[in-house]
Amino acid sequence: MKIKSVSTNYTIESYIKIIGIFLFCILLSGCNSKMKFEKSQNEFNTTYKNEHIEVQIANNVENSEEVFASIERDLNIINHFKPIEKLDIHINEKFLKGNDKSGVECNGEFVKTPQFKQLLIANAYDLYDNWKAVGIYGNLFADEMDANFVSTNANDKATEQNQGEVDFVSYYQNHNFSLFGAHFFPDFSSGEEIKNLSYASTSLVKYFLDNGKKEKLLKEEISIEDIKPWAEQNHINLTYLEELYNHINEIKVSSPSAIDKLHIETKRDIHGFSIRIASMDKQYDSATKLEKIIKTFDEDIIENLRLIREKAPNFYKDYEKQLTQTPKIRYYFNPKEISNMNNFTTGDTVIINVESQLHEYNHFLMKRSFEKNGVLISKPMWVTEGVDPYLDFMYLKKSLLYDKKSIQFSLDDTKVDKLLRDGDKETYKYCRILQKMMRLNFSEEELNNLDLTLNNPEHWKKYFHIKNAMALGYRELFKSDRYYSDTVAILGRAKQSYTGMKEPDAQNYFANRSFVAYLIETYGYEKMLYFSVQDFTKITFEEYFGKSYKELDADWKQYLIDNIKGGELLVYGEEGQK
């Protein structure tokens, strides 16, 4: 009986083991089974599709079956990491390189690159921070990281010299550590930096996977506190990253075409932004510059909103939703454009220099954000260009560096005389007038210390009126300026819409800056903010200010004469008289 009992127990245990092995094999088989795709064709494309994924390959792609086989292999590896819920892939030779505007779009050649796999990962799990897709790629495709890296950056000598093991820990002893996505792109970073950041991202993702934070990683819930233990283990200083993290977290960076070198997109739609950057020469510190620009943009917008709340508390209270629920703004950086521009229909904002960002943002804020939040805005251009950017003009002064250089140039007789010798009579005359007005109103000591002088609110206000009111007495010097011609064209189209407010249309862009600044200084910033959201088809100057435009115009010009030495020159030009 004992032997039998032992025999019976042995048999039962054997069956349990066999069943366990069988179930394990089934499970293993399930884990390793390839996804199934249904194939269909038409005259334009071949489509491979299952419940979650669709791969469409255009007929202009050579070796399309090999291309799909490569994609299928990548998808299976990624799907084993975590099942893909939805992913659309379009392969067509008309696409220059990887794009993720509507799924993954690229040409057949791009499929061979590591960037394609990273794009698959980012879209499969809706990841915005690039380092996560790069780090997951490094863990899933570790065997091909080095080989692919060289083939992608073959012209970069620094890359070729850093084959094999990468000591990213040593690299970040001498470089700031940042996870911002632009650092992964050639032209914005060196091959050495791209490689070290790729390996650092792979190490960081492995740390999260090893410590049970896979879901947190995929849900974009990683905080700076989560990163700190890994950084301590690798002796990496996070000071720089901490300064940036709140500004650049959840940002996706891509390189969509040869025309637009970089596309930066926030995940958030409220207070979010996208930035498209036009073609540029290689400049390996550009990613760091972009980080500082984005941080500055955010800080300026926060400060701008604080100033509105401080200086116009009732207006802020009445329109808090419009001011604080700003829809996503799209910036397009292109220094080849002739001027900054807002397209309020699409939300696109063309920026030719970073100093003009806050100015254009305020136009966006005071029109598109109001309209998106239920307040229709329709106002004359002279109000738009005067009231919207007033806080920037008077307090934040983003153009301060330009103004300082302009004054310094005008005070340099050698440089100004050269303008005349070169035949630039208009700029020569402008500089001489500005020089004369500055010397009339400021001492030599003040002109020699422009940083201190222009940061004095009263001095800056005086300078602001001088440089803009010059367009009254010396109108001919401003007619060739793009602002003048653009504004006159826009004002001309708008005249019929604002019958009771049409008079200032006769002024040009610069003179109206001074006029509106005078109204704000006289009647208050808050009153002018309320003014800017009125129905301008019905309101008149008499109704709102208690004076006609003619009276306000006369008051403004008298203000210039009374408060600025040589003010008659500003108002009436060389004659100095009516």
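User: Is Gln 118 buried or exposed?
Analyst: Happy to start there, and do keep in mind that this is a predicted model. Gln 118 sits in helix 3, which spans residues 114–124. Its relative accessible area comes to 16%, and the cut-off for burial is under 20%. Gln 118 therefore counts as buried.

User: Which residues does Gln 118 touch, not counting those up to four places away in sequence?
Analyst: The residue doing the touching belongs to helix 3. Once residues up to four places away in sequence are set aside, three partners of Gln 118 remain to be named: Ala 133, Val 134 and Tyr 137.

User: How many helices and strands does the protein chain have?
Analyst: Good moment to zoom out. The protein chain holds 578 residues, of which 51% count as buried. Its secondary structure consists of 29 helices and eleven strands.

User: What percentage of contacts between residues at least 6 apart in sequence join residues at least 24 apart?
Analyst: Two separations matter here. The pool is made of contacts in the protein chain between residues at least 6 apart in sequence. Within that pool, the share joining residues at least 24 apart is 63%.

User: Which residues have the most contacts inside the largest nonpolar core?
Analyst: That core contains 161 residues. Helix 25 gives the most to this core, contributing nine residues. The residues with the most contacts inside the core are Leu 75 and Ile 264.

User: Which residues is Ile 264 in contact with, leaving aside its neighbours within four places in sequence?
Analyst: Ile 264 shares with Leu 75 the place of having the most contacts inside the largest nonpolar core. Beyond its neighbours within four places in sequence, the partners of Ile 264 include Lys 252 and Ser 274. The full list is Phe 180, Ile 251, Lys 252, Val 253, Phe 273, Ser 274, Ile 275, Ile 277, Leu 290 and Ile 294.

User: What describes helix 25 relative to helix 26?
Analyst: Two packed helices are described by the angle between their axes and the distance between the axes. Here helix 25 (residues 509–523) and helix 26 (residues 525–532) have axes that come within 6 Å and cross at roughly 125°. That angle is why helix 25, relative to helix 26, is oblique.

User: How do the residues of the contact of helix 25 with helix 26 divide into nonpolar, polar and charged?
Analyst: Helix 25 brings Val 516, Leu 519, Ile 520 and Tyr 523 to the contact, while helix 26 supplies Tyr 525, Lys 527 and Met 528. Lys is counted as charged, whereas Val, Leu, Ile, Tyr and Met are counted as nonpolar. The division is six nonpolar, no polar and one charged.

User: Where does Leu 307 lie in space, C-alpha to C-alpha, from Leu 391?
Analyst: Leu 307 is part of helix 12, residues 286–311, and is buried at a relative accessible area of 5%. Leu 391 is among the residues Leu 307 touches, along with Ala 312, Tyr 395 and Leu 396, not counting those up to four places away in sequence. Although the pair is 84 residues apart in sequence, the C-alpha to C-alpha separation is 7.4 Å.

User: What separates the C-alpha atoms of Asn 362 and Pro 389?
Analyst: Asn 362 is in helix 15, residues 357–372, and is buried, with a relative accessible area of 2%. Setting aside residues up to four places away in sequence, Asn 362 touches Asn 304, Asp 388 and Pro 389. Along the chain Asn 362 and Pro 389 are 27 residues apart, and their C-alpha atoms are separated by 5.9 Å.

User: Which backbone nitrogen does the side chain of Asp 412 reach?
Analyst: Asp 412 lies in the loop between helix 18 (400–411) and helix 19 (413–421). Asp 412 counts as partly exposed because its relative accessibility is 27%. At 3.1 Å, its side chain reaches the backbone nitrogen of Thr 414.

User: What is the phi of His 235 near?
Analyst: Most residues other than glycine have a negative phi. His 235, in the loop between helix 10 (224–233) and helix 11 (239–248), is exposed at 60% relative accessibility. Its phi is positive, near 55°.

Conventions. Residues are numbered from 1 along each chain as its sequence is written. This is a predicted model: local features need pLDDT of at least 70, side-chain atom pairs count only at pLDDT 80 or more; totals for chains, interfaces and linings use all residues. Side-chain values use heavy atoms; hydrogens and water are left out. Axes are lines fitted to C-alpha atoms, for helices over the stretch in contact, and angles run from 0 to 180 degrees between N-to-C directions. Helices (H or I, at least four residues) and strands (E, at least two) are DSSP runs, numbered from the N terminus. Angles under 35 degrees count as roughly parallel, over 145 as roughly antiparallel, 65 to 115 as roughly perpendicular and the rest as oblique. Contact means heavy atoms within 4.5 Å. A nonpolar core is a set of buried Ala, Val, Leu, Ile, Met, Phe, Trp, Tyr and Cys residues joined through side-chain atoms within 4.5 Å. Buried means under 20% relative accessible area, exposed over 50%, partly exposed in between (1.4 Å probe, protein chains only). A polar contact is a pair of N or O atoms within 3.5 Å; within protein, one must be able to donate a hydrogen and the other to accept it, and residues adjacent in sequence count only if both atoms are side-chain atoms.
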